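Colleague: I am new to reading protein structures, and I would like to go through this one slowly with you. Could we look at the chain and its model together?

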Amino acid sequence: MDSELVFHHIGIACRDIDKTREFYLGLGYTASPVVDDPLQHVRICFLDKEGAPRLELLQPLDDQSPVARTLATAGVTPYHFCYEVRNIDEAIVALRTKRFLLVSGPVPACALGDRRIAFLYNKNNGLIELVENPA
């Protein structure tokens with residue numbers, strides 16, 4: 001199972017996606033368009049740079065966003081690591097046997113072409129996101 005987790009991105013909780021994006025653009029990253037995901041209660045922007053990990057900026061859309069709670073306690077910070085999997089349901093079952101708690105999902109993610117995502121938490125590993133890529 002572990003070998004089937006393929007790194008996809010690092011999610012970063014931020015208060016102002018435009019200001020945070022500007023910093024990374026100054027470092028040579030290129031940005032995707034900003035997308036509002038009402039299901040996840042976040043604004044999202046992906047940042048790419050050759051030879052560097054892909055980043056996902058996450059700004060809360062409202063107080064229901066789990067990102068808002070993170071910002072209130074930790075400030076702007078790395079939020080999660082995301083991994084691609086072929087079958088999200090099987091990956092969730094495998095991770096639950098390793099004491100990961102399913103926090104949300106699976107649900108479609110508009111910023112990822114409606115591929116299904118899920119968030120899981122483990123006290124020793126933190127928050128991870130899975131994104132399904134059946135191809």
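The questions and answers below go through strands, a pocket and salt bridges in this predicted model.

Colleague: Which strand is joined to β7 by six bridges?

Modeller: Strand β7 covers residues 101–109, and its partner runs antiparallel to β7. One pair that shows this involves Ala-109, whose bridge partner is Arg-115. The strand that holds Arg-115 and is joined to β7 by six bridges is β8.

Colleague: Which residue in the hairpin of β7 and β8 takes a positive phi?

Modeller: The hairpin has five residues between its two strands, and one residue in this hairpin has a phi near 65°. The residue with that positive phi is Gly-113.

Colleague: Which residue of β9 stands opposite Ile-117?

Modeller: Strand β8 also pairs with β9, which covers residues 126–132, in the antiparallel sense and over six bridges. A hairpin of three residues joins β8 to β9. Across this pairing, the residue that stands opposite Ile-117 is Val-131.

Colleague: Is Leu-101 buried or exposed?

Modeller: Leu-101 lies in β7, and together with Val-103 and Tyr-121 it makes a nonpolar surface patch of about 300 Å². Its relative accessible area is 53%, and because a residue over 50% is counted as exposed, Leu-101 is exposed.

Colleague: What is the volume of the largest pocket?

Modeller: The pocket asked about has a volume of about 340 Å³. It is lined by 23 residues, and the closest to its centre are Gln-40, Pro-66, Tyr-79, Ser-104 and Phe-119. Among the elements that give two or more residues to the lining are β7, β8 and β9. To end on the value itself, the volume of the largest pocket is about 340 Å³.

Colleague: Which residue forms a salt bridge with Asp-18, and is that partner buried or exposed?

Modeller: The partner lies three residues from Asp-18, about one turn of the helix, and both belong to α1, residues 17–26. Their side chains meet at 2.9 Å, N to O. Asp-18 is partly exposed at 35%, whereas its partner has a relative accessibility of 17%, and because under 20% counts as buried, the partner is a buried residue, Arg-21.

Colleague: How many salt bridges does the structure hold?

Modeller: Besides the bridge in the helix, Arg-43 meets Asp-36 at 3.0 Å, and Asp-48 meets Arg-54 at 3.0 Å. Asp-89, Arg-116 and Glu-132 are linked in a network of salt bridges. For the whole structure, the number of salt bridges is six.

Notes. Residues numbered from 1 in each chain as written. Predicted model: local features only at pLDDT ≥ 70, side-chain atom pairs only at ≥ 80, totals over all residues. Heavy atoms only, no water. Patch = residues over 30% accessible without salt bridge, like charges linked within 9 Å, V, L, I, M, F, W, Y side chains within 5 Å. Areas by Shrake-Rupley, 256 points an atom, 1.4 Å probe, with all protein chains shown as cover. Salt bridge = Lys/Arg side-chain N within 4 Å of Asp/Glu carboxyl O. Helix = DSSP H or I, 4+ residues; strand = E, 2+ residues; numbered from the N terminus. Buried < 20%, exposed > 50% of the residue type's maximum accessible area, 1.4 Å probe, protein only. Pairing = 2+ DSSP bridges. 1 Å grid on protein atoms, 1.4 Å probe; cavity = no way out; pocket = protein on both sides within 12 Å on 5 of 7 lines; lining within 4 Å. Points joined across faces, edges and corners; volume = space filled by probe spheres on them.
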